[in-house]
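This report describes how nonpolar residues group together in one model and how a pair of its helices pack. The structure is shown first, and the description follows.

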Amino acid sequence: MRSKDERELLSLMKANRIPHGVILQSSQPVTIQKYAQLLSQWAVCQNDAGHKSCGECSGCLKVLSGNHIDVYTAQTAGKLEVVSVDEIRHICSDAYIMPNEATAKVYILPNAEKMQIAAQNAFLKVLEEPPQNILFILCCANAEQLLGTIRSRAMVFNLDSTQVFDEKILEAQVRAKQIATAIIETKGIKLLEATGSINDRGFARLVMTELSDIIRQALITRSGGSAKVCNEAKLIQRRIHRKNLIEILETINTAQTRLGQNINIGLFTAWLCATLRRQK
Ligand SMILES: [Zn+2]
């Protein structure tokens with residue numbers, strides 16, 4: 001699942017509206033590397049059928065193999081792998097030289113937030129008055145540590161702030177579907193399994209939201225509505241009476257309230273399991 005910023009980055013690439021300064025922020029170096037590569041491909045891609053970063057043209061292939069002459073990754077030095085002031089000065093003058101084979105030049109700055117103030121200030125000059133057809137990609141774990149003046153002249157893409165959350169939502173959807181189908185089982189063991197492994201309140205809240213969505217879908221289908229519904233909702237609307245579906249919704253409501261209080265999660269899942277069991 002992609003974060004909101006990731007989706008935005010991809011859509012800007014598609015629309016050919018990437019600004020000349022991009023800050024990629026992620027706690028995962030591999031995520032940064034992936035997007036720095038994709039952006040570099042976008043900048044030097046020779047496929048002009050509208051699909052940039054094609055991964056097939058010679059420009060893209062050279063980026064992928066790490067040896068495109070117009071894509072430069074700044075050298076870092078020391079234990080902290082910092083880009084030095086001298087390296088920034090080199091980039092600043094090199095950036096004004098025309099590209100060799102692509103129509104644009106790309107500079108990737110690793111660990112950008114670790115650069116000394118002097119280096120950041122030197123870089124600021126070229127960022128403020130960029131040459132044409134240039135793309136600066138600043139990679140960092142935390143963009144807040146960059147000078148505000150740099151941040152304000154580049155576009156920050158937070159590649160993982162919501163990613164973890166999105167994954168949690170997916171996990172909650174799966175769990176909610178398990179619970180929904182377990183409600184109609186004659187034996188209680190499935191319901192016990194599906195509810196029993198929920199072990200924190202934040203996750204329980206997400207599961208309840210998703211479950212409430214499924215039950216609502218089932219109710220709509222039962223009332224003859226033709227909204228797009230998931231398979232679980234279709235299944236339970238055939239097996240659970242309308243009155244009971246409404247009761248389940250009320251249980252979910254109560255569950256949300258209890259989760260908002262300081263309820264013990266073990267007691268909560270036991271209560272949830274027992275209550276849902278009575279409502280099928
Ligand atoms: Zn290409």
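In this predicted model, the largest nonpolar core has 42 residues, and those with the most contacts inside it are V22, I23, L24, L109, I137, L138 and C139. In soluble globular proteins, nonpolar side chains tend to be buried together. At least two residues of this core come from each of the elements tabulated here, and α2 gives the most, with 7 residues.

| Element | Residues |
|---|---|
| β1 | 21–25 |
| α2 | 29–44 |
| α3 | 58–64 |
| α4 | 85–94 |
| β3 | 105–109 |
| α5 | 117–128 |
| β4 | 134–140 |

When its neighbours within four places in sequence are left aside, L109 is in contact with A74, V83, F136, I137, L138 and C139. Another core, of 27 residues, lies apart from the 42-residue one, and A182, L191, I214 and L272 are among its members.

How do helices α9 and α11 pack against each other? The axes of α9 (residues 201–222) and α11 (residues 242–260) come within 10 Å and cross at roughly 160 degrees; because angles over 145 degrees count as roughly antiparallel, the two helices are roughly antiparallel to each other, and their crossing is left-handed. On the α9 side the contact is made by R201, A204, R205, M208, L211, S212, I215, A218, L219 and R222, while α11 contributes R242, L245, I248, L249, I252, A255, Q256 and L259. By class, this contact of α9 with α11 has 12 nonpolar, 2 polar and 4 charged residues.

How values were computed. Residues numbered from 1 in each chain as written. Predicted model: local features only at pLDDT ≥ 70, side-chain atom pairs only at ≥ 80, totals over all residues. Axes fitted to C-alpha atoms, helices over the stretch in contact; angles between N-to-C directions. Helix = DSSP H or I, 4+ residues; strand = E, 2+ residues; numbered from the N terminus. Parallel < 35°, antiparallel > 145°, perpendicular 65-115°, else oblique. Left-handed = near helix turned anticlockwise from the far one by under 90°. Contact = placed C-beta atoms within 7 Å. Nonpolar A, V, L, I, M, F, W, Y, C, P; charged D, E, K, R; others polar. Core = buried A, V, L, I, M, F, W, Y, C linked by C-beta atoms within 7 Å. Buried ≥ 20, exposed ≤ 12 C-beta atoms within 10 Å, placed from the backbone.
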